[in-house]
Amino acid sequence: MAVLYDRVALIGLGLIAGSMSLAMRRGGLAGDIVGYARSAESRATAREIGLCDSVAETMAEAVAGADLIVLCVPVGAMGAVAAEIGPHLKPGATVSDVGSVKREVIDAVAPHLPKGVHFVPAHPLAGTEHSGPTSGFAELFDDRYCIIVPEGAERAAVDRVLDLWRGMGARVEEMDAAHHDLVLAVTSHTPHLIAYTMVGVADDLGRVTDSEVIQFSAAGFRDFTRIAASDPTMWRDVFLHNKDATLEILGRFTEELFALQRAIRQGDGEMLHDYFTRTRAIRRGIIEAGQDTAAANFGRKPGTSS
Ligand code: NAP
């Protein structure tokens, strides 16, 4: 594939930025990739493993002359990062992000971008429970969706970002910010909260570290512990910044849970069987759509995605 951007700056060097750097290299999509991370430790690690072509000491240095700047920091840090890089952006450059929440990120970032800079928000639906500069891998986005939220950006700038994600192996879809946040509250954010809660409940019972529980834990609980190992800062920010949609879905979830609780109490087997039959059909649909690669291959396991 042809080079899409001569110079790309990745701000934040964790799982997503690292995977982007490796996937861009694999696809030959960027001329030069410069990275920046907040801590000297992450910058040193990124240099040591050659994650990017170079690692800058400041955000201003990283974005200077960049054609594409991708913000890969926790959702709650996006606004402050945008404020810091805003004055150093090249006219005509494109700024994008990978935040798991879109409405509040757009509202936090957009005011800091000078006129003549394009803003094309994005969110790859791919991740693992690992974080930091050594956690990325080139295949992370293969066959996973990346949602682009154009918000009125110039078509040519949007198309180039779409091409970038396609070049990194992803399928792309455009959506508006409110719809994105609601869909993700259903498919990712609330399920994460449930996993955190379930592991918390087991911990309250004093059983999580009990070797017997770990040894005999069925797939369900083991999966919950994996999801609940996801980065605390990232997930704190997701809930703080997708508050309304998460609360809406949690409300509906609680109602359903009460209905199932009542069915169990009343011994209503028919209700339980019908419910589980319906949910089983949803699972089959996900596999048919090719969105559970773990079910299709036993290679690198996709983990949590936000
Ligand atoms: P990560 O591995 O934890 O890396 C986060 C990076 O952001 C690190 O380089 C960290 O710097 C930096 N950072 C943290 N707080 C910061 C702050 N206040 N100011 C400036 N930099 C800061 O995270 P990630 O999983 O790549 O996630 C990055 C973004 O992608 C988040 O917005 C997340 O919502 C989104 N996302 C994540 C997933 C997922 O499953 N992980 C999936 C899709 C989208 P240090 O290394 O110096 O601490």
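A residue is called buried here when its relative accessible area is under 20%, and this cut-off will be needed for reading the helix and the cysteines described below. The structure is a predicted model, and the overall division of the chain is a convenient place to enter it.

The domain assignment splits the protein chain into domain 1, covering residues 5-175, and domain 2, covering residues 179-266. The centres of domain 1 and domain 2, taken over C-alpha atoms, lie 29 Å apart, and the contact between them draws on 15 residues from domain 1 and 16 residues from domain 2.

Turning to the sheet, the reader can follow 6 strands that form an open arrangement in the order E3-E2-E1-E4-E5-E6, with parallel pairing. At the edges stand strand E3 (54-55) and strand E6 (118-119), each of which pairs on one side only. The neighbour of E3 is strand E2, made of residues 30-36, and these two strands pair in the parallel sense over 2 bridges; within this pairing, Gly35 has Val55 of E3 as its bridge partner.

Two helices that pack on this sheet deserve attention. Helix H4 touches E1, E4 and E5, and its direction makes about 150 degrees with that of E4. Helix H6, residues 155-167, touches E1, E4, E5 and E6, while its direction makes about 75 degrees with that of E1.

Which residues of helix H4 are buried? In this helix, which spans residues 78-85, they are Met78, Gly79, Val81, Ala82 and Ile85. When one looks down the axis of H4, these buried residues fall within an arc of 165 degrees, and they therefore line one face of the helix. Their packing partners are strand E1 (5-11), helix H3 (59-63), strand E4 (68-71), strand E5 (94-97) and helix H5 (103-109), so that the buried residues of H4 meet both strands and other helices.

How many disulfides does a search of the whole structure find? The search finds 0. For Cys52 the reason is one of distance, because its sulfur is 9.6 Å from the closest cysteine sulfur, that of Cys72, which is too far for a bond, whereas a disulfide requires the two sulfur atoms to be within 2.5 Å. Seen from the other side, Cys72 is likewise in no disulfide, and its nearest cysteine sulfur is that of Cys52. Cys52 counts as buried because its relative accessibility is 6%, and Cys72, with a relative accessible area of 14%, is buried as well.

Terms used: Residues are numbered from 1 along each chain as its sequence is written. This is a predicted model: local features need pLDDT of at least 70, side-chain atom pairs count only at pLDDT 80 or more; totals for chains, interfaces and linings use all residues. Side-chain values use heavy atoms; hydrogens and water are left out. Buried means under 20% relative accessible area, exposed over 50%, partly exposed in between (1.4 Å probe, protein chains only). Helices (H or I, at least four residues) and strands (E, at least two) are DSSP runs, numbered from the N terminus. The arc is that of the directions from the helix axis to the C-beta atoms. Contact means heavy atoms within 4.5 Å. Two strands pair if DSSP finds at least two bridges between them. Axes are lines fitted to C-alpha atoms, for helices over the stretch in contact, and angles run from 0 to 180 degrees between N-to-C directions. Domain bounds come from an automatic or database domain assignment.
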